[in-house]
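User: Could you take a close look at one pocket and the surface patch that shares a residue with it, and keep the criteria explicit?

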Amino acid sequence: LRDSRQELQQLTDTIPQQVWTARPDGSLDYLNQQARNYIGAMQAVDNELTRWQTAVHPDDLQHAWETWRHSMATGELYEVQQRLKHHQTGEYRWYLTRALPLKDEQGNIIKWLGTNTDIEEQKQITEAAEDANIAKTEFLANMSHEIRTPMNAVIGLANILAMSDPLTAKQREYIKTLQMSADSLLSLINDLLDIAKIEARTVELEHIPFNLSQIMQEIASMMSVRVREKNLNFTGDDSKLAVHEFIGDPTRIRQIILNLCSNAIKFTDQGGVHISISSAKTAKPDKHAVTISITDTGIGIAQKNLETIFQKFVQADSSINRKYGGTGLGLAITKTLVEVMGGTLTADSEIGKGSTFTVTLLLETPISTKKEKPTPHGSLSSIVEKSMSSYKQSVLIVEDYAPNVLVASVFLDEFGYSHDVAKNGIEAIDKIRNIQYAAVLMDVQMHGMNGLEATRLIREMEKQQNRIALPIIGMTAHALAGDKERCLSAGMDDYITKPFDPADLKDKLSRLLSKKAA
């Protein structure tokens, strides 16, 4: 037995890990050479448990002890990452500590066999990667703001120019080219931001009721211009959609379908694109399996490339980028969003005959079958416009970037509002204190007092003076996860990202002013 024990000790002294054993109560009774070199030589038996505690970093001690007590009580494997101190230098290094209980025939623990594995290098690599990822996300967020702010002016002024009259044929061509180029640049910015959100695991999903058929009608309307330009057929079929109301994230579902439709139109020069939607009941009464298929008669994809097309920055053929453009991000983003929702995205294609992309989602349906009849699209806006036709309501624009002030001003003029301008949060509060406005367009990022702080102070002032809450729409160029929540938590009524769609702004203003009047 003595010889066997000596052989075992010699064996444990040759391995790079720290090896130790402990009595059933956790007190150490053996350390191999590597453990003695790092933790220190064995002391008196009564002091072993206390000395083991002193080797663990104070910040890690509570978690280590809670885990240890759990393993002692249950007899389960003990595993914890903790920092251990070198007995001479006082340096702490990260170790993975594991201990396996040995039990007798009655299941009682008679000894613990443990190891400490140095993971300091892996920890440093992981932390460096996390720091780099955080820095990248912050950089993209800041760049998003810096790019979106002037982009708002570019797109806004292009839209304003397009509404000007008279214009020559050449001028209309120039403006159309400007609009297309600006839209392409904005699409690229949005793709890069989506990738940043996905890699930072900050994709947030809504859980709200929506009508899938209505989303499809909106998409068909959005795609119609591009379809007509290419002289393609664009058809849809939702006859196999058993229900139309679902609960989920309509914004992300719209983005998924839009991406796939845009790709289909982009790579199709003859024929057309067809969308079909169907749903089927599942074993759970409140769940439906929804299938959305987008089929085109385009260039098709080789079988060997079907697996790689969903990878980031990858396109089926290098010649595609030269002919059709793009970053190779669209399908990667789409597939990730589908998977975040717990669904699947598959592709089936043949060169020269076209492709079919199929999305399958398990969507929840509202429990109550008694639903209010939805308000017809656009009717609320028309009612508000009619009620406002007799006078102009004034909107305060709070913005420190002059080109964006110009864009917002022109759109407000087109919508039938008068407007006033404040260049920062402090100036906005002074104006609101003395002038009655119908609503406020509040830039979030401004020098001095930002829009969030200004909104909080306005809400506080309204409470103190018992004033009716002024509708405030936040405008931001960041458009990252959490921006909407920060705007709403600050007291804003709604939120819009730059560059904004004029129709979207008009609808938000109309809805808020109608709600205020009611």
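The answer below takes the pocket before the patch.

Analyst: This is a predicted model, in which local features need pLDDT of at least 70 and side-chain atom pairs count only at pLDDT 80 or more, while totals for chains, interfaces and linings use all residues. Residues are numbered from 1 along each chain as its sequence is written, and side-chain values use heavy atoms, with hydrogens and water left out.

The second largest pocket (an open set of 1 Å grid points with protein on both sides within 12 Å along at least five of seven lines) holds about 310 Å³ of space. Its lining (residues with an atom within 4 Å of a point) comprises 14 residues, of which Arg5, Leu8, Thr21, Tyr30 and Leu113 are the closest to the centre. Two or more lining residues come from each of α1 (2-14), β1 (18-22) and β5, with α1 giving the largest share, five residues. By character, the lining divides into seven nonpolar, five polar and two charged residues.

Leu113 also belongs to a nonpolar surface patch (side chains joined within 5 Å, each residue over 30% relative accessible area and without a salt bridge, Lys or Arg nitrogen within 4 Å of an Asp or Glu carboxyl oxygen), together with Leu77, Leu100, Leu102 and Ile110. The patch has about 410 Å² of accessible area (1.4 Å probe) in total, and the elements that give two or more residues to this patch are β4 (92-103) and β5 (109-118). Leu77, by contrast, sits in the loop between α4 (58-74) and β3 (78-85) (helices have at least four residues, strands at least two). Leu77 counts as partly exposed because its relative accessibility is 41%, between the limits of under 20% for buried and over 50% for exposed.

Key: Patches are made of residues with over 30% relative accessible area and no salt bridge: like charges are joined within 9 Å, nonpolar side chains (Val, Leu, Ile, Met, Phe, Trp, Tyr) within 5 Å. Buried means under 20% relative accessible area, exposed over 50%, partly exposed in between (1.4 Å probe, protein chains only). On a 1 Å grid over the protein atoms alone, a cavity is a set of points where a 1.4 Å probe fits but cannot get out, and a pocket is an open set with protein on both sides within 12 Å along at least five of seven lines; lining residues have an atom within 4 Å of a point. Grid points are joined across faces, edges and corners, and a volume is the space filled by probe spheres set on the points. Ala, Val, Leu, Ile, Met, Phe, Trp, Tyr, Cys and Pro count as nonpolar, Asp, Glu, Lys and Arg as charged, and the others, Gly among them, as polar.
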